[in-house]
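Trainee: Could we go through this model together, one feature at a time? I would like to ask about the sheets, a helix, the cysteines and the aromatic rings.

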Amino acid sequence: MRAGKKVSAEVSSPKKKEKKNKNKQENEEKENEMANKTQLKKVQSDKQKQSSVKKHDEEGQKLQRGKERRKEEDLDNESESGSDSDESDYQDFSEDISGDYESLGQSDDGESESEGGQSKSSGDEVHGDNDDEDNVDDHHREDQSDGSEDHQGVEESDSSEDEVAPRNTIGDVPLEWYKDEKHIGYDISGKKINKKERQDKLASFLANVDDSKNWRKIYDEYNDEEVELTKEETRLIRRLLKGKAPHGDFDPYADYVDWFKYDDALHPLSNAPEPKRRFIPSKWESKKVVQYVRAIRKGLIKFDEPKEEKPQFYLLWGDDSSAAEKANRLAYIPAPKSKLPGHEESYNPSLEYIPTQEELNSYQLMYDEDRPKFIPKRFTSFRSIPAYENGVKESFERCMDLYLCPRVRKKRVNIDPETLKPKLPSRKDLKPYPTTCYLEYKGHKGAVMSISTEASGQWIASGSSDGTVRIWEVESGRCLKVWEIGEAVQSVVWNPSPELPVLAVAAGLDVLILNTGFGSEEEQKRVKELLRLEIPTAPDGIDNMASIVSWLQDERLEGIRLRHFKNVSSVEWHRRGDYLSTVMPAGESRAIIMHQLSKKLSHRIPFKLHGLPVSSVFHPTRSVFFISTKKNIRVYDLLKQKLIKKLETGLKEVSSIAIHPAGDNVIVGSREGKLCWFDMDLSSKPYRVLKCHPKDITNVAFHRSYPLFASCSDDCTAYVFHGMVYSDLNQNPLIVPLEILRGHTSSNGRGVLDCKFHPRQPWLFTAGADSVIRLFCH
């Protein structure tokens, strides 16, 4: 048995050898085929790699050329067009790169697979161990995982800022709490996040102009930093602004897919009939509606009233009512209806409506306002009326006017005109004031240019263009004294001090200080000593006054003559009677000079003149000096030598000025007939402007003791006003017009040239161009 077994084993061994040889040959053939395939795949992958790299390089060159062209075009185009082109290039470029990366990933996968196969075959041939094969398989898997990770890294390379945690960790705390702090919050480690220094607006504007990507930057208040949006984010924002889906891959109009429909459907999903409740109104709903209605009626349910939206814009010069009507559209305005004709307008009225010839003649003598608009006439037929031919045409035109003419609803306010007048006290309660002419002082041959009353009110002095100065007795009208000056007298002013009966007269270049001869013997001795010049020379001062004013003794007139370098228009005394000021309109910077009579000195004012001076006045109680130019009035403090106030008249040309005895109110007359009242405590603008005279106002005057002031004009009239000034600063002055005084006649276009009040009585003196002085009494 053992020998038989040996024989069978010997016989079977050559068969096994033949099978092994056949298997080896088959394995070799398979390995050769696999090697050929791997070589072909390698060649194909190399070709694909080379072609993809070439494509990538060509597209990169194309993109570079396109970018260079677009950069040249963007120099002339706006930033938005440039941004759109950049976005399109960026999109194409990203799509091409993603395609190239996919192809490269596929080729890498193929190579790794081929390499894995070769490693297997070579392992079988050389080593023949399963461990080597496992190592190769592991290495192949690692290559595949690395390739997939690279591929994923390419796809997810764009990192969005949403994934980055915010730097500030304060949460939902309002940023207003950090408004006054130096920091804006805390970071994740608990440290303060300091605020950045704010850049200057001009510098930031210039930087934004130079920065081409400024339109992409957004300021993040929460983290106090600027965030630059990517192109993908800007593309998403633009799609959202246009009302589109944020992602471009989303199809809003996709085809409908019926999920319950299939080809082999024989039976429906539900074959039940429609229930009856779908066709009957719900009882539950009706009960709920009843409950809601009852709750609304009882007031348990209250609806929110719509909030009134305040208008964002307002009409500066419009009316609120008109704006509301325009907003709500104009309501229907019916056409105005004409009055229906009566018996008078009949074409054939009765005889009692037809006027007689005498009535027609009386109509011609009436004013147009009182004359009747329609006079009835009688015609035999309707066609004989003159308006019959054009009647249809006129009615059509009237209809067209009503149709085409825009109509506006106007609010009519019925106001009695008398109620608009200010409530003024009765003139009877404001007496006494001058009303009638009591005396006339005649003797001058020319126009009386100026008048002045003596401090006691017993005498009045006047200067005329005939070259004479006269002194009159007030009560009798006698002329007591006459001086022949030789030139036209411009101004005459009596010394306000009763102890010095001296008169200042301005005529041409000279200012004469004359002794009137009134007063006691002691007063006359004092006056003669005062008017005597020991050495008739002008002192040489710092201002070189010898060239401006010279003091001279006048033996003929028994007074002092002050010779100026220009014509003098007006003279004003200080309240103490020792100083006087003279005005020379053509004197420019030396137009106003002050003179001291006791020391025989003259000096210029320490103020700069702004414009041509018209007149100058001393304050009645304080050391304040008023200088009026053609436009404004300036108030100076003589002690401090500075400007106190500037009164803006708003007039074309100032003609005269007067100060209230209390010194807080000023009246100004103008060449245009306007009278301005200034309250020094209120404002530099006029408190009242009175348009009273049609022609130039020549002079204005205040009464010393009565609440009266007056103005005279070239229209041959003088206006008397009641001007009460109250001691209470909260109460405004009361101004009431009282009387218009007439009586003077015009001469050479001039009327009343000067007016002065009596110092003690409510009397007014007026000097006219008709060479007459009039006294108006109460």
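**Strands, a helix, cysteines and rings**

Mentor: Gladly, and let us begin with one bridge: Tyr-579 has Gln-596 in strand 17 as its bridge partner. Keep in mind that this is a predicted model.

Trainee: Over how many bridges do strand 16 and strand 17 pair, and in which sense?

Mentor: Strand 16 covers residues 579-583 and strand 17 covers residues 592-596. The bridge between Tyr-579 and Gln-596 belongs to strand 17 on the Gln-596 side. The sense of the pairing is antiparallel, and the number of bridges is five.

Trainee: Which strands stand at the edges of the sheet with the order 15-16-17-18?

Mentor: This is an open sheet of four strands with antiparallel pairing. An edge strand has a single partner strand, so one side of it is left without a neighbour in the sheet. That description fits strand 15 (570-573) and strand 18 (601-604).

Trainee: What does the twist average from one strand to the next there?

Mentor: The order to follow is 15-16-17-18. Going from one strand to the next, the twist averages 25 degrees.

Trainee: Let us move on to the sheet with the order 19-20-21-22. Which of its strands pair on one side only?

Mentor: Here too the sheet is open, with four strands in antiparallel pairing. Its edge strands, each pairing on one side only, are strand 19 (613-618) and strand 22 (642-648).

Trainee: By how many degrees are neighbouring strands of this sheet turned against each other on average?

Mentor: The order is 19-20-21-22. With direction ignored, the average turn between neighbouring strands is 20 degrees.

Trainee: Which residue stands opposite Pro-613?

Mentor: Strand 19 is joined to strand 20 (residues 624-629) by five bridges, and the two run antiparallel. The residue in strand 20 opposite Pro-613 is Thr-629.

Trainee: In the hairpin of strand 21 and strand 22, which residue takes a positive phi?

Mentor: Strand 21 (residues 632-637) pairs with strand 22 over six bridges in the antiparallel sense, and Tyr-636 stands opposite Leu-643. Four residues lie between the strands of this hairpin. The residue with a positive phi, near 55 degrees, is Gln-641.

Trainee: Strand 23 and strand 24 form a hairpin as well. What is the phi of Gly-663 in its turn?

Mentor: Strand 23 (residues 654-659) has six of its six residues buried. It pairs with strand 24 (residues 665-670) in the antiparallel sense over five bridges, with Ser-656 opposite Gly-669. Five residues lie between the two strands, and the phi of Gly-663 is positive, about 90 degrees.

Trainee: How far apart are the end C-alpha atoms of helix 6?

Mentor: Helix 6 has 16 residues (residues 283-298), and at 1.5 Å a residue the helix should span 22 Å. At its start, a side-chain oxygen of Ser-282 comes within 3.4 Å of the backbone nitrogen of Trp-284, and after the helix comes Gly-299, with a positive phi near 90 degrees. The distance between the end C-alpha atoms agrees with the expected span: 23 Å.

Trainee: How many disulfides does the structure hold, and why do Cys-755 and Cys-712 not form a bond?

Mentor: Cys-676 is in no disulfide, and the nearest cysteine sulfur, in Cys-692, is 9.9 Å away. Cys-755 is buried at 0% relative accessible area. Its sulfur is 3.6 Å from the closest cysteine sulfur, that of Cys-712, which is too far for a bond. The number of disulfides is zero.

Trainee: What kind of aromatic pair do Phe-382 and Tyr-388 form?

Mentor: A search of the whole structure finds 13 aromatic pairs. In this one, the ring centres are 5.7 Å apart and the planes stand at 85 degrees. An angle over 60 degrees makes the pair edge-to-face.

Trainee: How many residues apart in sequence are the parts tied together by Trp-459 and Phe-518?

Mentor: Their rings are stacked, 4.4 Å centre to centre with 5 degrees between the planes. Trp-459 is buried at 13% relative accessibility, and Phe-518 is buried at 19%. Trp-459 lies in strand 7 and Phe-518 in the loop between strand 12 and helix 11, so the parts tied together are 59 residues apart.

Trainee: Which residues do ring pairs link into a cluster?

Mentor: Here the links are ring pairs. The residues in the cluster are Trp-677, Phe-702, Phe-709, Tyr-719 and Phe-721.

Terms used
Residues numbered from 1 in each chain as written. Predicted model: local features only at pLDDT ≥ 70, side-chain atom pairs only at ≥ 80, totals over all residues. Heavy atoms only, no water. Buried < 20%, exposed > 50% of the residue type's maximum accessible area, 1.4 Å probe, protein only. Pairing = 2+ DSSP bridges. Expected span 1.5 Å × (residues − 1). Polar contact = N/O pair within 3.5 Å; in protein donor to acceptor, adjacent residues only side chain to side chain. Axes fitted to C-alpha atoms, helices over the stretch in contact; angles between N-to-C directions. Disulfide = S-S within 2.5 Å. Phe/Tyr/Trp six-rings, centres within 6.5 Å; stacked < 30°, edge-to-face > 60°.
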